[in-house]
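Q: Got a minute to walk through this model with me? I'd like to go over the strands and a few odd backbone angles.

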Amino acid sequence: MMILTYTQTHTHTLESLNTIKLSVSESLKTDGYFLTRTNTVSIDDVFSFLTNIGDLWMPEFPVIDVQINQGNRLYAFTNSKIPPHNECCHEEIPPLWICLFCVGVEEEGGEFYLVNTKNSLGKLEPEYFEKLNATKFIVRSAKTNYQVERGLFQMHPLSKEKSLLYTTIGCYSIKSHGFQSKENDPFVLKKLNEHLLKSTEDYQYHKWQKGDLIIFDNYKFMHGRMAFAGLERHLKHIRLVPKK
Ligand SMILES: [Fe+2]
């Protein structure tokens with residue numbers, strides 16, 4: 001099992017967070033993620049640090065509480081396993097950086113994971129990859145409700161690399177803002193889903209501890225989590241784009 005390594009530990013204050021701003025940018029560029037353990041910073045400190053690095057992707061919802069909420073049926077608000085996905089991949093411009101700050105931990109399970117999509121897709125046969133690359137899908141934005149026709153790959157806002165932005169959650173139904181193949185070939189996505197779901201050797205796991213902060217590149221990694229027990233797990237979720 002591959003484990004995500006901490007980029008930096010023992011970061012205790014907002015000042016010490018602010019002094020590592022440059023190394024965060026460097027880690028995001030080279031490794032695609034930055035993971036640190038904090039002791040005493042508050043969510044307000046973390047928020048002020050993060051909005052120093054990037055702009056909010058959706059200012060109307062600056063911080064989302066990811067915890068069990070029985071009134072909400074989305075995966076994130078249950079204790080279920082979450083399959084690999086890129087955040088908001090149905091949107092015209094998905095957020096570049098996803099930040100999670102742990103304020104409460106589960107009793108058991110709940111490992112978070114990242115999947116480096118380029119490495120994982122590199123294991124598919126070139127013929128299939130070409131087909132995947134060429135297929136157009138009808139995608140509906142949850143934000144605007146508009147449908148557009150496009151491929152599964154988008155250009156990374158900074159590196160300009162071609163990146164897969166996709167979700168293995170609910171991909172067969174356009175009603176769930178999923179991807180629908182124009183050629184009506186469900187096998188293209190079936191194969192992609194099977195590959196991403198079974199290639200767990202490509203997953204890099206992290207077991208949360210209170211005070212952990214991760215920032216990761218949503219164009220480079222898919223992410224998800226294992227099912228968990230207990231009601232205490234609570235993550236603060238912030239989505240960013242590069243500063244204008
Ligand atoms: Fe997510």
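**Strands and turns**

A: Sure. Strand S1 and strand S15 (residues 203-206) run parallel, joined by 2 bridges. Bear in mind that this is a predicted model.

Q: Which residue is the bridge partner of Ile3 in S15?

A: Tyr205.

Q: What is the strand order in the open sheet?

A: The order is S1-S15-S9-S17-S6, 5 strands with mixed pairing.

Q: And which strands stand at the edges?

A: S1 (2-3) and S6 (82-85). Each has a single partner strand, so one side of each lacks a neighbour in the sheet.

Q: Switching topic. How do S10 and S11 pair, parallel or antiparallel?

A: Antiparallel, over 4 bridges. S10 covers residues 137-140 and S11 covers residues 147-150. Val139 sits opposite Val148 in S11.

Q: How many residues lie between S10 and S11 in the hairpin?

A: There are 6. Asn145 is in that turn, with a positive phi of about 75°.

Q: Why bring up the sign of phi?

A: Because most residues other than glycine have a negative phi. Asn145 is not a glycine, yet its phi is positive.

Q: Is Asn145 buried or exposed?

A: Exposed. Asn145 has 8 other C-beta atoms within 10 Å, and the cut-off for exposed is 12 or fewer.

Q: What about Cys88, what is its phi?

A: Near 55°, so positive too, in a residue other than glycine. Cys88 is in the loop between S6 and strand S7 (97-104).

Q: Buried or exposed, that Cys88?

A: Buried. Cys88 has 21 C-beta neighbours inside 10 Å, and the cut-off for buried is 20 or more.

Conventions: Residues are numbered from 1 along each chain as its sequence is written. This is a predicted model: local features need pLDDT of at least 70, side-chain atom pairs count only at pLDDT 80 or more; totals for chains, interfaces and linings use all residues. Two strands pair if DSSP finds at least two bridges between them.
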